[in-house]
Amino acid sequence: MRNVIGLSKVLGVVLISVVLVAISTTIAMWSETLKINTYIHTGEVKVKWSAWECSDTGPDPQAPGYNNTEGKNVSRCIVTVEQNDTEGNPIKLNITLDNAYPGYAVNITLIVDNIGTIPVKLYQVNWTDLDANDTAALSLRLIQPCSTQIEPGENSTYILEIIVNQAANETATYSFDLELVFAQWNEVNGP
């Protein structure tokens, strides 16, 4: 029994010695702490229409196969701002072709500005509210730039081509919506 008590005293002394060495090492150690305070400010995807112009600036432009050798100015092409964003930037245009007829053809040149802080690319083109009667009466084409990427502070030109076909009815109204959706450049495949 005496050996067990002696052994436990020795183990107790060893344990106390180890604890004292650990405490004294901790107290004697010099240290310095590095910290990081991080802020992440995200950018902004933002585009607007900055300029627009219709090719009908005098005698009515004609589709291939039609002519206006007399230089008649019968129709009008009117482009106006229909909606601005909360900062007053044009984001929706209204195009009206007044007194149009078969063979009348216009190109509307549209300038898109990247007023955000992140490069953008054209992600999607949506033609809506265009029924079978409209597609028979109108030929529509959006001519896009070779690369749709727009760097911040730069712009790109798109051309909307509208031709009134022979199938158009007299005194009819045709309408459609065209929506260009831009997204950050690294989420869009293609040019």
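Me: A disulfide is a pair of cysteine sulfur atoms within 2.5 Å; how many does a search of the whole structure find?
Reply: This is a predicted model, with local features needing pLDDT of at least 70 and side-chain atom pairs pLDDT 80 or more, while totals for chains, interfaces and linings use all residues. Residues are numbered from 1 along each chain as its sequence is written, and side-chain values use heavy atoms, without hydrogens or water. Cys 54 is joined to Cys 77, S to S 2.2 Å. The search of the whole structure gives a count of one.

Me: Is the link of Cys 54 and Cys 77 right-handed or left-handed?
Reply: The angle about the S-S bond is 110 degrees. That makes the link of Cys 54 and Cys 77 right-handed.

Me: How many residues apart in sequence are the parts that the disulfide of Cys 54 and Cys 77 ties together?
Reply: Cys 54 and Cys 77 are both buried (under 20% relative accessible area with a 1.4 Å probe, protein chains only; exposed is over 50%). Cys 54 belongs to strand 1, residues 47-54, and Cys 77 to strand 2, residues 76-84 (strands are DSSP runs of E, at least two residues, numbered from the N terminus). The pair therefore ties together parts whose separation in sequence, in residues, is 23.

Me: Is Cys 146 buried or exposed?
Reply: The relative accessible area of Cys 146 is 80%. Cys 146 therefore counts as exposed.

Me: Is Ser 156 buried or exposed?
Reply: Ser 156 sits in strand 7, residues 155-164. Beyond four places in sequence, its contacts (heavy atoms within 4.5 Å) include Leu 110, Ile 111, Val 112 and Pro 145. Its relative accessibility is 8%, so Ser 156 counts as buried.

Terms used:
Helices (H or I, at least four residues) and strands (E, at least two) are DSSP runs, numbered from the N terminus. A disulfide is a pair of cysteine sulfur atoms within 2.5 Å.
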